[in-house]
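Colleague: I am new to this model and would like to go through it step by step. Please show me the sequence and the structure before I start asking.

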Amino acid sequence: MDFVHDQLATGRKIRVLTVVDTFSRYSPVLDPRFSYRGEDVVQTLERVCATVGYPSTIRVDQGSEFISRDMDLWACANGVTLDFSRPGTPTDNAFIEAFNGRFRAECLNAHWFLTLADAGEKLEAWRRYYNEDRPHGAIGNKPPISLMNPGGQTSPPP
């Protein structure tokens, strides 16, 4: 998990919570908001985990949203280990950094967002493309959904 920053066409800044599975490269959520606190991350994770299940481990950086009491309590209550990267070493979380680079190049830099809702719609469309259509060399030039759902079912709604 990590955050990517962008802005609306009006100049108002947004933050996008990005989550990607390191095995399948599947992204269960891209959640844009104007601001994020630990409780907001927990709310998003609860919504996503209700659909795709709880992970055993989540790799995160030392951001205040991830080291919050809310995140710690959520992780403990759900049997999730928070694996913190070393400060100043983005290579510790290389999968999300690579994902964020693709996300910025293919989605954020390609769109203007008029409102937060508009951003949410465009991010969700890109997430579905990334998960269901875009081939990934690291997993045999298949889309991530093929590892998540061998029958080829579409992504569950966020």
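Colleague: In E5, which residue is the bridge partner of Val60?

Modeller: This is a predicted model, in which local features need pLDDT of at least 70 and side-chain atom pairs count only at pLDDT 80 or more, while totals for chains, interfaces and linings use all residues. Residues are numbered from 1 along each chain as its sequence is written, and side-chain values use heavy atoms, with hydrogens and water left out. Strands E4 and E5 (residues 81–84) run parallel and are joined by four bridges; helices (H or I, at least four residues) and strands (E, at least two) are DSSP runs numbered from the N terminus. Within that arrangement, the E5 residue bridged to Val60 is Phe84.

Colleague: Along E4, which side chains point to one face and are buried?

Modeller: In a regular strand, side chains alternate between the two faces of the sheet. E4 shows such an alternation, with Thr57 and Arg59 pointing to one face and not buried, where buried means under 20% relative accessible area, exposed over 50% and partly exposed in between, with a 1.4 Å probe and protein chains only. The buried side chains, on the other face, are those of Ile58 and Val60.

Colleague: Which element gives the most to the largest nonpolar core?

Modeller: A nonpolar core is a set of buried Ala, Val, Leu, Ile, Met, Phe, Trp, Tyr and Cys residues joined through side-chain atoms within 4.5 Å, and in the largest one, of 19 residues, Met1, Leu17, Val41, Ile58 and Trp74 touch the most other members. Two or more residues come from each of strand E2 (13–19), helix H1 (38–52), strand E4 (57–60) and helix H2 (69–77). With five residues, the element that gives the most is H1.

Colleague: How many residues does the other core have?

Modeller: Beyond its neighbours within four places in sequence, Met1 is in contact (heavy atoms within 4.5 Å) with residues including Leu17, Val41, Ile58 and Phe66. The other core lies apart from the largest one and has Ile14, Val16, Ile96 and Trp126 among its members. Its number of residues is 16.

Colleague: In the open sheet, what does the twist average from one strand to the next?

Modeller: Three strands make up this open sheet in the order E1-E2-E3, with antiparallel pairing; two strands pair if DSSP finds at least two bridges between them. Strands E1 (2–7) and E3 (29–33) are the edges, each pairing on one side only. From one strand to the next, the average twist is 25 degrees.

Colleague: In E2, which residue is the bridge partner of Asp2?

Modeller: E1 and E2 pair in the antiparallel sense over six bridges. Their hairpin has five residues between the strands, and Gly11 takes a positive phi near 95 degrees there. Opposite Asp2, the bridge partner in E2 is Thr18.

Colleague: Why does Asn100 count as buried, and at what relative accessible area?

Modeller: Asn100 lies in helix H3 and, leaving aside neighbours within four places in sequence, is in contact with Asp2, Phe3, Val4 and Thr18. Asn100 counts as buried because its relative accessible area is 7%.

Colleague: At about what angle does H4 run to E3?

Modeller: H3 lies across E1, E2 and E3 and runs at about 20 degrees to E1; the axes are lines fitted to C-alpha atoms, for helices over the stretch in contact, and angles run from 0 to 180 degrees between N-to-C directions. H4 lies across E2 and E3, and its angle to E3 is about 165 degrees.

Colleague: Phe99 and Tyr130 lie in which helices, and how many residues apart in sequence are the parts that the pair ties together?

Modeller: Eight aromatic pairs are found in the whole structure; rings of Phe, Tyr and Trp (its six-membered ring) pair if their centres lie within 6.5 Å, with planes under 30 degrees apart counted as stacked, over 60 as edge-to-face and the rest as tilted. Phe99 and Tyr130 are an edge-to-face pair, at 5.0 Å centre to centre and 85 degrees between the planes. Because Phe99 lies in helix H3 (residues 94–106) and Tyr130 in helix H4 (residues 116–132), the pair ties together parts whose separation in sequence is 31 residues.

Colleague: Which residues form one aromatic cluster?

Modeller: The rings of Phe103 and Trp126 have centres 5.3 Å apart and planes at 45 degrees, so this pair is tilted. Both of these residues are buried, as are both Phe99 and Tyr130. The one cluster is formed by Phe99, Phe103, Trp126 and Tyr130.
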